[in-house]
Amino acid sequence: MREPADSPPTHEPTGSARWLSLGPASRLLEVDPDTLRRWADEGRVDAWTTPGGHRRFDRRELDRLARARRTGGTRGLASLGASVERFARVYRRHYAADGPDQHTDPSDDAARDAQRERGRRLVAALTAYLDGLDADEGTRARAEAEAGSIVDEQAGELARAGAGLTEAVSRFVVARQPFLAEIAAIGRRRSLDSARLATLYGEASTLLDRLLLRFIDTHRRAGG
């Protein structure tokens, strides 16, 4: 984890107003502590680590990020040049590198086509959610509901095919990486400032976290 240029002293005074611990920092941004911890681990938010191993966040940077989140400072994916087609190409490259899907018979073109179509629908729902960051809550709720329905389909199908929960979750986690990696790549290509990129990336990560919990619940119920 990188250290800010003007990091606090080794023995930071207790109760410092500038440097916040994980809990207060996450509350200021209105995100889950795990989300903020991940942002720090990925270098998207500067954090200083005390000798005791505790994170400290610069309130000034967090205030800038919070303002960007409140005022719609993050432009949607479409306005940044992203599209379902772009993400489809990213996934084609990803799966071509990994080889054929182990749960789909290579000769079963219909099943493979159905999987691809489901993937396109999920990417479309995710991008619609992120493009709705500045829209009303109803727009985002509808996009998330569509994504959840698709996740339910996938989880139920894997459970019925005999895939265990650990394997199914592993597949979900692996499948989310190209989407998040492409968001980061788009941010670099468009030279987004760190606050805007962190907000966009964080919104995507938080949504995928919620979908993962739903995926686990559906798999358990379908496999039971």
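**Exercise 1. Decide whether phenylalanine 87 is buried or exposed, and describe its ring partner.**

Solution. Phenylalanine 87 has a relative accessible area of 0% and is therefore buried, where buried stands for under 20% relative accessible area, exposed for over 50%, and partly exposed for what lies in between, with a 1.4 Å probe and protein chains only. The model is a predicted one, in which local features need pLDDT of at least 70 and side-chain atom pairs count only at pLDDT 80 or more, whereas totals for chains, interfaces and linings use all residues. Residues are numbered from 1 along each chain as its sequence is written, and side-chain values use heavy atoms, with hydrogens and water left out.

The next step concerns the rings. Rings of Phe, Tyr and Trp (for Trp the six-membered ring) pair if their centres lie within 6.5 Å, and planes under 30 degrees apart count as stacked, over 60 as edge-to-face and the rest as tilted. By this rule there are two aromatic pairs. One of them joins phenylalanine 87 to phenylalanine 179 at 4.6 Å centre to centre, with 25 degrees between the planes, and is stacked. Because phenylalanine 87 belongs to helix H4 (residues 84-98) and phenylalanine 179 to helix H7 (residues 165-189), this pair ties together parts that are 92 residues apart in sequence; helices here are DSSP runs of H or I with at least four residues, strands are runs of E with at least two, and both are numbered from the N terminus. Phenylalanine 179 is buried as well, at a relative accessible area of 2%.

**Exercise 2. Classify the pair of phenylalanine 172 and phenylalanine 215, and list what phenylalanine 215 touches.**

Solution. The ring centres of phenylalanine 172 and phenylalanine 215 are 5.1 Å apart and their planes stand at 45 degrees, so the pair is tilted. Phenylalanine 172 lies in H7 and phenylalanine 215 in helix H8 (residues 194-223), so that parts 43 residues apart in sequence are tied together. Both phenylalanine 172 and phenylalanine 215 are buried. With neighbours within four places in sequence left aside, phenylalanine 215 is in contact (heavy atoms within 4.5 Å) with Val151, Gln154, Ala155, Leu158, Ala168, Val169 and Phe172.

**Exercise 3. Which residues of the largest nonpolar core touch the most other members, and which helices supply this core?**

Solution. A nonpolar core is a set of buried Ala, Val, Leu, Ile, Met, Phe, Trp, Tyr and Cys residues joined through side-chain atoms within 4.5 Å. The largest such core holds 32 residues, of which Phe87, Leu126, Leu130, Phe179, Ile183, Leu211 and Phe215 touch the most other members. H4, helix H5 (109-131), helix H6 (137-160), H7 and H8 each supply at least two residues of this core, and H8 gives the largest share, nine residues. A second, separate core has 16 residues, among them Leu20, Phe57, Ala195 and Ala198.

**Exercise 4. State the order of the strands in the sheet, and find the residue opposite tryptophan 48.**

Solution. Three strands form an open sheet in the order S1-S3-S2, with antiparallel pairing; two strands pair if DSSP finds at least two bridges between them. Strand S1 (19-20) and strand S2 (47-49) are the edge strands, each pairing on one side only. S2 is joined by three bridges to strand S3 (residues 55-58), antiparallel to it, and the residue in S3 opposite tryptophan 48 is arginine 56.
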